[in-house]
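Here is a friendly walk through one model, meant to be read with the structure open beside you. Shall we take a look?

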Amino acid sequence: MSLANKYRPRTFEEVVGQKFVKRVLARALDRKDIPHALLFAGPRGIGKTTLARIFARGLNCEAGPTSKPCGVCRFCKEIDEGRSVDVVEIDAASNRGIENVREIQEQLRYMPVSRYRVYIIDEVHMLTTEAFNSLLKTLEEPPPYVVFVLATTDPHKIPATVLSRLQKFNLKPHSVSDIVERLKYVAAKEGISVTDEALRMIAERSEGSLRDALVMLEQAHIYSDGTVTEKDVSDMLGVVPDNLYSLFMDDVVKGNFKEAYDRVMEITERFSPQEFASGLVRYLERRLMVEDGLSFEEKVVLLRMALDMEVHIRQSSDPYAWIVYDVARMSAFRRVVNLDEISRYLGDPNKVPPPAGYVPPTPPVGESEPQTVPTESTVEDPIEVIRKKNPTVAGYLSDATYTKEGDTLHIVVSSRIVAQKVEKAADLVKDAFGVSEIKVQVKKVQNYRDLFDEIRKDWESVD
Ligand SMILES: Nc1ncnc2c1ncn2[C@@H]1O[C@H](COP(=O)(O)OP(=O)(O)O)[C@@H](O)[C@H]1O
Ligand SMILES: [Mg+2]
Ligand SMILES: [Zn+2]
């Protein structure tokens with residue numbers, strides 16, 4: 001028997017996660033207040049069939065209905081062995097038609113041998129419209145001894161009329177740590193020796209599905225000699241091992257594009273570009289929380305770039321072209337985004353010194369607010385003067401605030417890029433405002449949203 005089947009939980013306590021569903025079902029059983037039409041929605045391998053069977057057992061156990069079926073009575077045993085005449089499992093993917101629903105309806109007249117007849121209909125969204133319409137009538141008024149448990153990976157395909165008859169539960173994909181824990185439990189029971197790193201790789205690769213994770217563990221165990229290692233999993237599943245990512249990231253962080261690129265080419269001789277990119281995303285996600293010399297902000301930026309690469313590769317017919325670009329962008333990340341600036345936005349402003357050469361403007365005596373340059377009707381607006389010669393810079397400046405201090409004009413703009421553009425046009429600005437010096441400052445960003453806006457603008461304006 002496969003590990004996935006052998007370790008199918010038989011009691012609510014044994015089911016990993018899905019707390020809410022477990023609690024509601026257990027309560028219903030103990031209060032003998034039985035719902036007659038349930039829907040379990042969620043991706044594959046997370047416990048839909050398992051919970052349906054445990055519910056059926058709770059309903060039909062001789063000591064039931066109970067949330068703690070005895071496991072030894074005739075009905076419990078029959079259900080465990082899959083030979084209970086009262087628990088009918090139907091795969092709607094291969095029984096889609098109205099005739100299949102009619103067949104169920106004809107059986108409804110007969111009383112169950114035990115307490116309830118339970119129909120577990122898997123992938124119920126596959127039913128045809130006529131089949132759904134026909135099922136609707138039954139769901140509206142099922143006989144008191146019949147319970148329907150419908151399961152689906154795609155609840156959106158179920159007609160609203162049917163949905164409204166069902167008590168719906170959304171089951172959740174399992175977290176990596178929950179999967180690791182369960183795999184550890186199963187491995188220990190089976191005497192399978194496996195490294196933590198190998199377990200983590202399997203868990204990450206299983207996308208929340210415990211079934212997939214157990215199948216992978218089993219395969220890796222057969223494949224390995226003795227202990228299941230990171231290398232076994234890497235070979236078997238085509239998962240890039242962490243040490244290769246860490247070498248790659250060393251090159252990226254140092255800004256060594258060529259080395260980083262060569263490293264990727266080496267990796268993609270053994271692994272597909274998709275594997276490389278999605279594994280890199282997961283690797284960087286994990287590193288977000290680890291102290292490794294990079295700042296959190298730097299890691300966020302790199303993660304975003306890796307996510308972009310994943311999308312690029314997935315959508316492109318020529319993934320290698322994107323790899324060149326994306327690796328180059330990652331290697332240049334310190335130049336693409338001014339990280340000093342970000343740490344100033346985020347960090348304690350008292351700890352991080354202001355940029356070299358910046359002298360905060362002192363407000364004129366008697367005034368507490370910075371003074372805006374007066375624009376009188378007789379004097380032409382300096383912005384308009386600039387606009388005639390350089391409309392782009394004028395556009396930037398119209399959003400800026402400026403303060404004149406003696407012969408110096410302090411300008412506060414919204415981003416580093418704007419600051420650079422204004423500085424380039426310094427002579428023009430000096431002329432228009434009639435000063436001999438300008439000092440451009442970037443406005444302090446107030447919150448993360450602004451910050452990421454800035455990052456985005458920075459990226460968009462890189463030529
Ligand atoms: N919540 C869970 N707790 C423990 N094991 C689970 C859980 N979900 C899935 N499994 C494992 O995966 C196998 C398949 O689960 P199943 O309930 O059939 O998934 P599905 O959601 O696709 O119906 C089970 O036999 C069991 O080994
Ligand atoms: Mg199932
Ligand atoms: Zn029993």
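Among contacts in the chain between residues at least 6 apart in sequence, 72% join residues at least 24 apart. Please keep in mind that this is a predicted model. The chain has 463 residues, of which 35% count as buried. Its secondary structure comes to 23 helices and eight strands.

## The parallel sheet

Let us begin with the sheet of five strands. This open sheet has the order E2-E3-E4-E1-E5, and its pairing is parallel. Its edges are strand E2 (87-91) and strand E5 (167-170), each of which pairs on one side only. On average, neighbouring strands here are turned by 15 degrees against each other, direction ignored.

Inside this order you can pick out one pair to inspect. Strand E3 (residues 117-122) and strand E4 (residues 146-152) pair in the parallel sense over five bridges. To find your place in that pair, look for Tyr119, whose bridge partner in E4 is Phe148.

## The mixed sheet

Further along the chain there is another sheet to visit, with residues 401-405 in strand E6 and 408-413 in strand E7. Three strands form this open sheet in the order E6-E7-E8, and the pairing is mixed. E6 and strand E8 (437-442) are the edge strands, each pairing on one side only. From one strand to the next, the twist averages 20 degrees.

What makes the pairing mixed? E6 and E7 run antiparallel and are joined by five bridges, whereas E7 and E8 run parallel and are joined by six bridges. As a general point, strands of a sheet pair through backbone hydrogen bonds, either parallel or antiparallel. For landmarks, Thr401 stands opposite Val412 in E7, and Ile411 has Val440 in E8 as its bridge partner. Helix H21 (residues 416-424) packs on the sheet, where it touches E7 and E8. The direction of H21 makes about 170 degrees with that of E8.

The hairpin of E6 and E7 has two residues between the strands, and Gly406 takes a positive phi near 60 degrees there.

## Backbone details worth a look

A glycine is not the end of the story for backbone angles. In general, most residues other than glycine have a negative phi, and most peptide bonds are trans. The table lists residues to check against that background.

| Residue | Backbone value | Place |
|---|---|---|
| Lys32 | phi near 55 degrees | loop between helix H2 (19-30) and strand E1 (37-41) |
| Glu123 | phi near 45 degrees | loop between E3 and helix H6 (129-140) |
| Pro65 | omega about -5 degrees, cis bond with Gly64 | loop between H3 and helix H4 (74-80) |

Are the two residues with positive phi, Lys32 and Glu123, buried or exposed? Lys32 is exposed, because 10 other C-beta atoms lie within 10 Å, and 12 or fewer is the cut-off for that label. Glu123 counts as buried, because it has 21 C-beta neighbours inside 10 Å, and the label needs 20 or more.

## Around ligand 1

Now turn to the bound molecule. Which residues come nearest to ligand 1? Of the 20 residues around ligand 1, these are Arg8, Gly47, Lys48, Thr49 and Thr50. Helix H1 (3-6), helix H3 (48-60) and helix H10 (210-223) each supply at least two residues of this shell. By character, the shell residues divide into nine nonpolar, seven polar and four charged.

Where does ligand 1 lie with respect to domain 1 and domain 2? Both domain 1 (3-170) and domain 2 (176-237) give residues to the shell, so ligand 1 lies between them.

## A buried leucine

One last stop is Leu280, which has its place in helix H14 (residues 273-288). Leu280 is buried, because 27 other C-beta atoms lie within 10 Å. Not counting residues up to four places away in sequence, Leu280 touches Tyr245 and Ala306. Leu280 and Pro241 are 39 residues apart in sequence, and their C-alpha atoms are 9.9 Å apart in space.

Terms used. Residues numbered from 1 in each chain as written. Chains lettered and ligands numbered in written order. Predicted model: local features only at pLDDT ≥ 70, side-chain atom pairs only at ≥ 80, totals over all residues. Near = placed C-beta within 6 Å. Helix = DSSP H or I, 4+ residues; strand = E, 2+ residues; numbered from the N terminus. Nonpolar A, V, L, I, M, F, W, Y, C, P; charged D, E, K, R; others polar. Domains from an automatic or database assignment. Pairing = 2+ DSSP bridges. Axes fitted to C-alpha atoms, helices over the stretch in contact; angles between N-to-C directions. Contact = placed C-beta atoms within 7 Å.
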